[in-house]
Amino acid sequence: MKVLVTGGTNGMGKGVAKVLAGSDNQIHEIIILCRSEERGKATIKELEASTKNNKISLILCDLTKLSDVQKAIKEIHSQHDFLDGLFINAGLGYAPERVETEDGMDSHFQVNYLSQFMLTLNLLDLLEKSENGGRVIFNVTEGGEIFWDDMQMKKKWGYESGIHQAMVAKRMFCDRLHNYYRNNEGSGLSFIGFQIAKTVWSNQINIIPLPMKIMATVMKIFGTFISIEECGMIMSPLFTENQEESLKRSGKFITWKKNKFTEIAQDNSVYDKKMQDKLWNISLDLCKDKKTTQIAEKFI
Ligand SMILES: NC(=O)c1ccc[n+]([C@@H]2O[C@H](COP(=O)([O-])OP(=O)(O)OC[C@H]3O[C@@H](n4cnc5c(N)ncnc54)[C@H](OP(=O)(O)O)[C@@H]3O)[C@@H](O)[C@H]2O)c1
């Protein structure tokens, strides 16, 4: 399988990249999309040494910049004829204050959702060329809401509500893509929302303020956390299972409990077609990208 992982330099993305790289006799090819060349190269070095897989490459892209996303899309197309999997994972977590991107958006909204909305739409053609059943796995969580009147959170900001808003947006996007592909015969792509059941001991621990770090360390002793490798072990079958299995999960919001994937009920608002359309149109307007708009036309 050839899998592109956004945010593969740390946390859950790195865990998935590492487990995939080391499994099935190192047959899988991993593309890590990341913002820092230094961290990207160091990650490749580390994963090559631990997995003996030499099919790991980088695509540089800072998701706070739509111009970078456009460049990355071109670069991926120039280097790859197909993709089997896409892990929509990169995300900002804790932040002490609201940061506006150079595109004028809230950074959580842009990094965790919008830039990856644009990336996904532009990589569907490569996923359609997969001979193994292209799939997009969205790293999502339950809850949250879209702040329709203040999506960029200028009036009221909080890093947690920013993260959760992006999660709902990703789940709505996942459902919309699933419905389009199911309603169009001959399509073999699947779109799955996955929520990790236990908190992953990710790079977030290095970013959060000291009191939160102390609390997390205490919770770790009680087994509240799992390692990035454990996370990778849980998630990797979603990228390697065959097309038939993957298609059965398409459109579902799942987690891993009692040693199996189980479905989680979605809030009804996620399935609301009018709201999905509204979000879709706002997202396209914000992307301000001709190619993305053209691709999106087939989904109307
Ligand atoms: N940890 C959990 O238990 C948990 C649970 C549920 C959901 N999640 C979600 O999982 C995702 C990953 O979180 P994590 O906990 O694994 O966090 P993490 O260790 O901080 O990893 C985040 C990844 O996203 C990348 N990233 C951040 N900003 C970026 C940007 N502007 N451009 C490109 N890449 C960027 C980071 O790159 P750098 O290495 O350069 O920082 C890193 O590789 C997030 O969406 C989070 O909300 C996490």
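**Helix packing, sheet and ligand shell**

L66, V69, I73 and I76 of helix 3 meet S115, M118, L119, N122 and L123 of helix 4. This contact divides into 7 nonpolar and 2 polar residues, with no charged ones. The model is a predicted one. Helix 3 spans residues 66-79, and its axis lies 10 Å from that of helix 4, at an angle of about 20°. That makes the two helices, 3 and 4, roughly parallel. Their crossing is right-handed.

Helix 4 (residues 107-128) also packs against helix 5 (residues 159-183). Here the axes come within 8 Å and cross at roughly 15°. Angles under 35 degrees count as roughly parallel, and helix 4 and helix 5 are therefore roughly parallel to each other. The crossing of helix 4 and helix 5 is right-handed. On the helix 4 side, the contact is made by H108, F109, N112, Y113 and F117. Helix 5 contributes Y159, G162, I163, Q165, A166, A169, K170 and F173. By class, the contact of helix 4 with helix 5 holds 8 nonpolar residues, 4 polar and 1 charged.

Helix 5 has a further partner in helix 11 (residues 273-287). The two axes are 10 Å apart, and the packing angle is about 105°. Helix 5 and helix 11 are therefore roughly perpendicular to each other. From helix 5, the residues in contact are A169, M172, D175 and R176. They meet M275, Q276, L279 and W280 of helix 11. This contact divides into 5 nonpolar, 1 polar and 2 charged residues. A169 belongs to the helix 5 side of the contact with helix 11 and to that of the contact with helix 4.

The strands were examined next. An open sheet is formed by 8 strands in the order 3-2-1-4-5-6-9-10, with mixed pairing. Strand 3 (56-60) and strand 10 stand at the edges; each has a single partner strand, so one side of each is left without a neighbour in the sheet. On average, and with direction ignored, neighbouring strands are turned by 25° against each other.

At one edge, strand 9 (residues 253-257) runs antiparallel to strand 10 (residues 260-263). The two strands are joined by 4 bridges. I254 stands opposite E263 of strand 10, and K257 has K260 as its bridge partner. The hairpin of strand 9 and strand 10 has 2 residues between the strands. In this hairpin, K258 takes a positive phi near 50°.

Two helices lie across the sheet strands. Helix 4 lies across strand 1 (2-6), strand 4 (85-88) and strand 5 (135-139). It runs at about 175° to strand 4. Helix 8 (residues 228-240) lies across strand 1, strand 4, strand 5, strand 6 (190-195) and strand 9. Helix 8 runs at about 175° to strand 6.

The ligand is surrounded by 29 residues, of which G7, G11, G91, S202 and N203 come nearest. Helix 1 (11-22), helix 4 and strand 7 (199-200) are the elements that give two or more residues to this shell. The largest share, 3 residues, comes from helix 1. By class, the shell around the ligand has 17 polar, 9 nonpolar and 3 charged residues. Helix 4 thus appears in several settings: it contributes to the ligand shell, lies across strands 1, 4 and 5, and packs with helix 3 and helix 5.

Key. Residues are numbered from 1 along each chain as its sequence is written. This is a predicted model: local features need pLDDT of at least 70, side-chain atom pairs count only at pLDDT 80 or more; totals for chains, interfaces and linings use all residues. Two strands pair if DSSP finds at least two bridges between them. Axes are lines fitted to C-alpha atoms, for helices over the stretch in contact, and angles run from 0 to 180 degrees between N-to-C directions. Angles under 35 degrees count as roughly parallel, over 145 as roughly antiparallel, 65 to 115 as roughly perpendicular and the rest as oblique. A crossing is left-handed if the near helix is turned anticlockwise from the far one by less than a right angle, and right-handed if clockwise. Two residues are in contact if their C-beta atoms, placed from the backbone, lie within 7 Å. Ala, Val, Leu, Ile, Met, Phe, Trp, Tyr, Cys and Pro count as nonpolar, Asp, Glu, Lys and Arg as charged, and the others, Gly among them, as polar. A residue is near a molecule or strand if its C-beta atom, placed from the backbone, lies within 6 Å of it.
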